[in-house]
Amino acid sequence: MLTIKNLKAGIADKEILKGFNLSVKPGEVHAIMGPNGSGKSTLANVLAGKPEYTVTDGEVLFAGKDLLDLSPEDRAREGLFLAFQYPVEIPGVSNINFLKTAIAEIRQYKGLPPMEAKDFLKLVKEKQALVELQVTLANRSVNEGFSGGEKKRNEIFQMAVLEPALAILDETDSGLDIDALRIVANGVNKLRSDNRSFIVITHYQRLLEYIVPDFVHVMYEGRIVKSGTKELALELEEKGYDWIKKELSQQVEA
Amino acid sequence: MNTSTTIAEKITPGAVLLPELDVLQTTLAGNEQIRFIRRKALKSFRLQGLPERKNEEYKYSPVAALFRTGRSFPASTHSLTRNDLTPFLVPGMDAFLITIIDGKLSRELSDELKGTPALQLHDLASLEETPSAVFQKHFGADALITADPFIALNTAAFRDVVFIQVPNNARIEKPIHILNIVTAEGAELVNPRILIQVGRNSAIQVIENFIAIGKAEQTLCNALTEIRVGSGSTMLFYKIQDHCKNLSLISTTQVYQDEQSHFDTHTVSLSGNWIRNNLTIVADAEQCETHLNGLFILNNHQHVDNHTLVDHRKPNCESNQLYRGILDDKSTGVFNGKIYVRPDAQKTNAYQSSKNMLLSDDAGMNTKPQLEIYADDVKCSHGSSTGQLDEDALFYLRARGIGADSARALLMFAFTRDVINTIRIEALRTQVEELIEKRLTH
Amino acid sequence: MSKENQLLEEITGTEYKYGFSSDIETETAPKGLDEGTVRFISNKKNEPEWMLELRLKAFRYWLTLEEPRHWAHIEYPRIDFQDIIYYAAPKKNKELKSLDEVDPELLATFAKLGISLEEQKRLSGVQSTIAVDAVIDSVSVKTTFKETLAEKGIIFCSFSEAVQEHPELIKQYMGSVVPYTDNYYAALNAAVFSDGSFCYIPKGVRCPMELSTYFRINTSGTGQFERTLIVADEGAYVSYLEGCTAPMRDENQLHAAVVEIITHKDAEVKYSTVQNWYPGDKEGKGGIYNFVTKRGICLGDNSKISWTQVETGSAITWKYPSVILKGNNSVGAFYSVAVTNNKQQADTGTKMIHLGRNTRSTIISKGISAGFSNNSYRGLVRIAKGATNARNHSQCDSLLMGDKCGAHTFPYIEIKDKTAIVEHEATTSKIGEDQIFYCNQRGIETEKAVALIVNGYCKEVLNQLPMEFAVEAQKLLAISLEGSVG
C-alpha cells in the first residue's frame, strides 16, 4: 500500500524529516507518536504534497505509483486522505457543494460516470450519521463557524464520503473532549477494513485506546526511533518521551 | 512679473497673501540656503494656490473662509514669563520644556538640553553659528512643498526652525514637552516649524501642545513638523490641542520611518475653532511599526479634520489607526484616512478604525477611509461606524441607579477609552483623562 | 516559471466567448457629433417635437461641459467624440409583424449569445420565463411577451416605442432621476440616446416574469447610448435583468447608458446586471468604455430598489448604481461583484442618499483583481439631516490575484443626523494557499479550487441574482479567472 524509503524533507532550507522509513500494508493501522517538533505533522503534509515542503531525498510508493511525482489532487484521487490538524475554513462554499465537486473530480479521474444527485445525498446522509454530525451541511460553509469538535468530525465525515485507501489522521484528537473523541474514534473504527489503511498521528496514547493500532512507532528528530505494538504506546504514556530521548543518547554514547 | 500676477489672480483666496509674502521674505532671518528654500516654496505656493472646492483632499474642509481677508505675519515680541506657562504644563511630569512663541523659539522659556549631552536643540540663530550637516540634509526633505499648498506656505514663511536632534543609541527617559504658543490677536498667520531627527536605536517621547493666549478668533496657525525616526528607534509623539479656543489651526506632521523603527502617535483635539491635522507616515524600510491614534470631542461650531496617509513602501510593516470622535452642537468632524500599499510592500498588515458618536441634531461627520493596494500578499482592512449613544446601555446603567447625565458621561468616557489607554506617559494620560472628563460632564 | 505565474498566464490566455461579429445590414449616421446628428437621430425615430427639444437642450448643455478625467481611479486617452458613430441600426424595410420577418442573421446572433427571441415557454415551467427586449447597436430589434404582459397592464417596450405610444409617462419620468445636467455622460446620453427599454408596472401588479434587456454592440466605430426607464407604481413589483456583450475589436467603443428607476409607495424593483462587454485583449487593446449612470429613487414610502451587478467585461467600467431613499421606510441595496483582469480598469460602487425617515441601505461589494488590472470601489453613503433612524451597512472586500494588480476602496460617508447608524467595513486579501491545498487534498484541482473559492467569496452577491442569471454569472466568473491563484 505505502512504502516510504529514506525520506528527507523540510521547509525553507530546514530539514525536518531526516531519513524516514515506513511500510504500511492494506488493512493495517499504524500509530505514529512523538514529542512536539519531531516531524509528525511534516510527514503528513509531505505525503499529501503541501507545496511549501521540499523533498530532498528518498522515495514514496503508494499503490505502486511514485507518490512524490503526483500533484496534491492526484494523490487524493489515488486514495490518499489527510484529516487536517487544523481544518481550513472556506467562506461561502457550502460543505455539500465542496464534497460534490470533490466526488465529481475523483470519479472523473477514475473514469467513472458522475454520481446521481439522489445517490450522493443518500451517501451524505448515511455518512453524516456515522460521525453524528448534525449540522445542516447544505447551508453552512466549509468549516466556517464550526466548533473545534465539529471541524474534526467534519474531517472524518469527509473521509467516510470519499472512501480513501489510506487515511492519515493528523492529531485528530487534539482539542477534543472525551465524548467527541469517542465519536470520532467510532467513526474511524467503522471505516476500518481489509483494504483500507490508516496512519494515526498523535501526541497522546489516549486516542489509541479507542483506535487500536496494529503497530506503534515513535518518531524523534525526523525518523522512527522505536517500533512496537500497542503496548509501546502504554509504555510511552507511563515513562514519557524523555525515556526515549535518554535511551537514544545512551545508544549514541555506546 | 506679469505671469505671476495672472497666476495670483487665478487663486483668488490665496492671492491676498502674496504681496505680504513677497515683503516678508526679504525681512526673515536665515542664511542663503534657508532663503533659497523659502523662495522656492513661495514659487510653488504661487503655482498651487489654495485648495479649491473641487480638491478631493479638502472636500470636507474648505479653506476659502480662512483667507477672505489679507493676513499679516507676526514679528512680535512677547512678555511671557515661566509663570505664565504653568497652566499648560502636565502636572507631575518632569520634562524638557521647549517653548515656541508665534513660530519662534524662546530660549529663555525653554530648558537647556545641554545637561543631557545626547540631545541638541537648535534654532536658526544657532544653526547660523554652528551649521549642521544633518539639518541641511533633512530639512524640507520629507515635507515636500509640492505635496500640499500649506506645506509650501509654511516653507515660504517660517520665521524660525526648531531643530531637535537625538543621536544614535540615546534612550531619553525624560519627555520633551513643546509648547507651541500663539500670542497673536488678529488676522495673523503663524508658521511654526519643527524638525526632529532621531538617530539609530534611540528612544524619545515628545508632547506638543497648541496654545492660543490671545483672542485668536481670526488667527491661523499653519504648523509643520518633520520627523525622521532612525532604524531601530522608537518615538512616541503626542499632539494635544486643548488650550487653543477660537484658533484656526493646520497642523501637518510628516514622518519618515527607517528600518525596524516604531512610531506611535496620538492626536487629541479638544478645543480650537477649525482644525486640520495632516499626518503622513512614510514607512520606507522593512519591519516598521506605526500606531496612529486620534480623539476629538467637539461642540459649538468646532470643526476638526483628521487626514492621515500611511504610505507602505517596503515589506513586513504594520500600521494601525484608531480614531474616535464625539460631536455635539453644530460641530463637524472629518476622518480621511488612506492606507497606501506599494507593489514592493508585501506582507503589510494595515488596519484602520474610525468610530464616531453624534450627540446633537446639528452635528455632522464625514468619513473617507480609503485603501489603495498594489501588493497581493497583504492584510488590510478598515472599519468605520457612526452612531449615537447606545440607548440600551444607557438604560441599563440608569436601571442600576446611575443618573442619566452621569450614565451618558460614563458611556462616552468608555467610548474614548481605546485611545486614551494607549497613552504611555502616565502623567499625561491622567491629565488627558481629566480634561475629557471635564469636557464630558459640562 | 512558478506555478502561480503559470496559472496567471493561463487566465490571461482565456478567450472572450462573445467576440464574434455578425454581418448584419446596417444603417448608420455619419461619424461625428453636432446638432445635425441629434436631429438626424430624432428624425430617424420620427420623434415628436418635444423630444427633439429635450435632446437639443441636453446637447447644448453638454457642449459647455468638460470631459471628466481626474477623480476616478482610471486612465485612458482622451475620447475623440467626433470619431464616433452615434447611430447604427440593423436595416429593416417595414414594421415587423412576426419573428419570421426578423433578419435570420440577427436571430442567429442572439441565439449564439444564448438569448431566445422566441416566445416558447420552457419545459421547466412558466416561472422561469423571461421577457426580452433585445437591443442591437442603437435600436431595439424585438421585445418578446409584450402581449402576455399587456394583459396585466404592464408596458414593456423599446424606449422609442414608448416615446410614440406613452408620451405622457416619458414626459413625466424621463430625466426625473438622472437629469441631463447630472454629469457629462448623462448629458451626452440625453442628446444622442438611440433606444433602450421602457417598463411600467401598474398599481398593485406583480410582474409574472423576469423582464430583461439584452444589449449587443455589433457595428464597428459606434457608440451605444441607450436609456432604460422603469416605473413601478404603488405596490408593484418587477425583477429586471440586463446583459451585455460586444465583438472583439482593436478599437475602444463607448457605451454611455442611463438607467432610471422610480418606485412609488410599497413598490419594489430588483435590477440585475451581468455586464460582459468585450474587455479588450491582454495587452489592453480594444474593449468597451462603459460609462454608465444608473440611479433609482424610492419615491414612495416602504418602497425598495436593489441593484445587483456582476461586472466582468469592459476595458473601463465607470458606474455607480445609486438609490435615493426619499420615501419613509424605503430600502436600497447594492450588491456587486467586479472582476478585472489583464489591463482592465474598474471604478465602480454606489451612492445611497438617505432623505426619508427609517430608511435602510445595504452595500456589499466584492472586487477581484488579477493580471495588471486596477479595481476600485467608490461609494457614498449620505444621511441627510432629518433622515432619522437611517441605517446603512457596507461591506467592501477585495481579493488580489498576483502582485501586478491593484485593489482600492474609496468610501465617502457623510452623516448629518445623529440618529443614524452607519457601519462600513473593508478588507483586502488574497486566496489562501491553505484553502487551495485543502481543496487539492480532497481531489479538487487548483483551477477548480480557485473557481470554487471565488464563487464562495462572491456568494452573498450571487445569491441576489435570479436563478438563470446566477448560473450564468458563476460560469462567467470561472471563465474570467480560470486558473488564477492569489
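Domain bounds here come from an automatic or database domain assignment. With that in hand, we can start inside chain B of this predicted model, where the assignment gives domain 1 (2-285) and domain 2 (390-442). Taken over C-alpha atoms, the centres of domain 1 of chain B and domain 2 of chain B are separated by 32 Å.

So much for the centres; what about the contact itself? On one side, 17 residues of domain 1 of chain B take part, and they meet 12 residues of domain 2 of chain B. Between them, these two domains bury about 1200 Å², with 68% of it on carbon and sulfur atoms. Three residues are worth picking out on the domain 1 side: B:Y238, B:H266 and B:L270 supply 39% of the area that domain 1 of chain B buries against domain 2 of chain B, more than any other three residues.

Now for the polar side of things. How many salt bridges are there between domain 1 of chain B and domain 2 of chain B? The count is one. You can find a salt bridge at B:R424 and B:D264, where the closest N and O atoms are 3.0 Å apart. Across the interface of these two domains there are also six residue pairs in polar contact, both residues at pLDDT 80 or more. Looking at which elements are involved, strand 8 (203-212), strand 10 (234-241) and strand 12 (262-269) of chain B each give at least two residues to the side of domain 1 that touches domain 2 of chain B. By residue type, that side of domain 1 of chain B divides into 11 nonpolar, four polar and two charged.

Let's step out to the chains. Two pairs of chains are in contact, and chains B and C share the most contacts of the two. Chain A and chain B, by contrast, do not touch: their nearest C-alpha atoms are 16 Å apart.

Chain C deserves a look of its own before we turn to its contact with chain A. It holds 12 helices and 24 strands, and of its 486 residues, 66% are buried. If you take the contacts in chain C between residues at least 6 apart in sequence, 84% join residues at least 24 apart.

On to chain C and chain A. This contact draws 18 residues from chain C and 32 residues from chain A. The two chains bury about 2100 Å² between them, 64% of it on carbon and sulfur atoms. Within chain C, the residues that lose the most area to chain A are C:F437, C:Y438 and C:R442, together 36% of what that side buries.

C:R442 turns up again in the polar part of this interface. Two salt bridges are counted between chain C and chain A, and C:R442 forms a salt bridge with A:E155, the closest N and O atoms being 2.6 Å apart. There are also 14 residue pairs in polar contact between chain C and chain A, both residues at pLDDT 80 or more.

Which elements of chain C give two or more residues to the side that touches chain A? They are helix 9 (433-441) and helix 10 (446-457) of chain C. Helix 9 of chain C provides the largest share of that side, seven residues. As for the make-up of the side of chain C that touches chain A, the residues divide into seven nonpolar, six polar and five charged.

Technical notes: Residues numbered from 1 in each chain as written. Chains lettered and ligands numbered in written order. Predicted model: local features only at pLDDT ≥ 70, side-chain atom pairs only at ≥ 80, totals over all residues. Heavy atoms only, no water. Contact = heavy atoms within 4.5 Å. Buried area = accessible area lost by both parts, 1.4 Å probe. Salt bridge = Lys/Arg side-chain N within 4 Å of Asp/Glu carboxyl O. Polar contact = N/O pair within 3.5 Å; in protein donor to acceptor, adjacent residues only side chain to side chain. Helix = DSSP H or I, 4+ residues; strand = E, 2+ residues; numbered from the N terminus. Nonpolar A, V, L, I, M, F, W, Y, C, P; charged D, E, K, R; others polar. Buried < 20%, exposed > 50% of the residue type's maximum accessible area, 1.4 Å probe, protein only.
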